[in-house]
Amino acid sequence: MSTPPDGLPVYRVLTGPDNATFCRRVSEALALGYELHEGPAATFNGENVIVAQALVWPSRS
């Protein structure tokens, strides 16, 4: 597949609390064929650790 399914963008950034739900969202994107772009970013908002993970659709040239 040369483009992401369902009209999804080539570049995505997922964000949210560092919990199982966030991990599932990243895992689902990887299962679709996305690849991680660098490592995650993390911050603390006073209550929770918030993470962000960039994903890219691989170019098949």
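These are my notebook entries on a predicted model of a protein.

**Entry 1: overall layout**

I began with the fold elements and found one helix and three strands. Reading from the N terminus, I get the order β-α-β-β. I then looked up the extent of the C-alpha trace, which spans about 45 × 20 × 15 Å along its principal axes. The protein has 61 residues, and buried ones make up 25% of them.

Next I checked how the contacts are spread along the chain. Taking contacts with a separation of 6 or more, I see that 56% come from residues 24 or more positions apart.

**Entry 2: surface and charge**

The exposed area comes to about 4200 Å², and I note that carbon and sulfur atoms supply 54% of that. For charges I have 4 positive and 6 negative, and their mean positions sit 5 Å apart.

**Entry 3: the aromatic pair**

I wanted to know how many aromatic pairs the structure holds. There is one, and the partners are Tyr-34 and Trp-57. Their rings are edge-to-face, with 5.1 Å from centre to centre and 80° between the planes. I like this pair for where its members come from: Tyr-34 belongs to the loop between helix H1 (20-32) and E2, while Trp-57 belongs to the segment after E3. That is 23 residues apart, so the pair links distant parts of the chain.

Are the two rings' residues buried or exposed? Tyr-34 has a relative accessible area of 3%, under the 20% cut-off, and therefore counts as buried. Trp-57 is buried as well, at 8%.

**Entry 4: Gln-53 and Glu-38**

I turned to strand E3 and picked out Gln-53 there. Its relative accessibility is 5%, so I log Gln-53 as buried. What does Gln-53 touch, once neighbours within four places in sequence are left aside? My list runs through Arg-12, Val-13 and Leu-14, then Phe-22 and Val-26, and finally Leu-36, His-37, Glu-38, Gly-39 and Pro-40.

Glu-38 on that list deserved a further look. A polar atom of the Gln-53 side chain lies 3.3 Å from the backbone oxygen of Glu-38. Glu-38 is found in strand E2, and the C-alpha atoms of Glu-38 and Gln-53 are 8.1 Å apart, with their positions 15 residues apart in sequence. I also compared their burial: Glu-38 is exposed, at a relative accessible area of 65%, whereas Gln-53 is buried.

**Entry 5: Asn-45 in its loop**

My last stop was the loop between strand E2 (35-44) and strand E3 (49-56), where I found Asn-45. Which backbone nitrogens does the side chain of Asn-45 reach? One belongs to Glu-47, at 2.9 Å; another belongs to Asn-48, at 2.7 Å.

I asked why Asn-45 is put down as partly exposed. Its relative accessible area is 47%, and the class runs between the 20% and 50% cut-offs, so Asn-45 falls inside it.

I also took the distance back along E2. Asn-45 and Glu-35 are 10 residues apart along the chain, and 27 Å separates their C-alpha atoms.

**Entry 6: recap**

Three places now have a page of their own: the edge-to-face pair of Tyr-34 and Trp-57, the polar approach of Gln-53 to the backbone oxygen of Glu-38, and the Asn-45 side chain with the backbone nitrogens of Glu-47 and Asn-48.

Key: Residues are numbered from 1 along each chain as its sequence is written. This is a predicted model: local features need pLDDT of at least 70, side-chain atom pairs count only at pLDDT 80 or more; totals for chains, interfaces and linings use all residues. Side-chain values use heavy atoms; hydrogens and water are left out. Helices (H or I, at least four residues) and strands (E, at least two) are DSSP runs, numbered from the N terminus. Buried means under 20% relative accessible area, exposed over 50%, partly exposed in between (1.4 Å probe, protein chains only). Contact means heavy atoms within 4.5 Å. Accessible areas come from the Shrake-Rupley method with a 1.4 Å probe; for residues, only the protein chains shown count as cover. Lys and Arg count as positive and Asp and Glu as negative; His and the chain ends are not counted. The place of a charge is taken as NZ of Lys, CZ of Arg, CG of Asp or CD of Glu. A polar contact is a pair of N or O atoms within 3.5 Å; within protein, one must be able to donate a hydrogen and the other to accept it, and residues adjacent in sequence count only if both atoms are side-chain atoms. Rings of Phe, Tyr and Trp (its six-membered ring) pair if their centres lie within 6.5 Å; planes under 30 degrees apart count as stacked, over 60 as edge-to-face and the rest as tilted.
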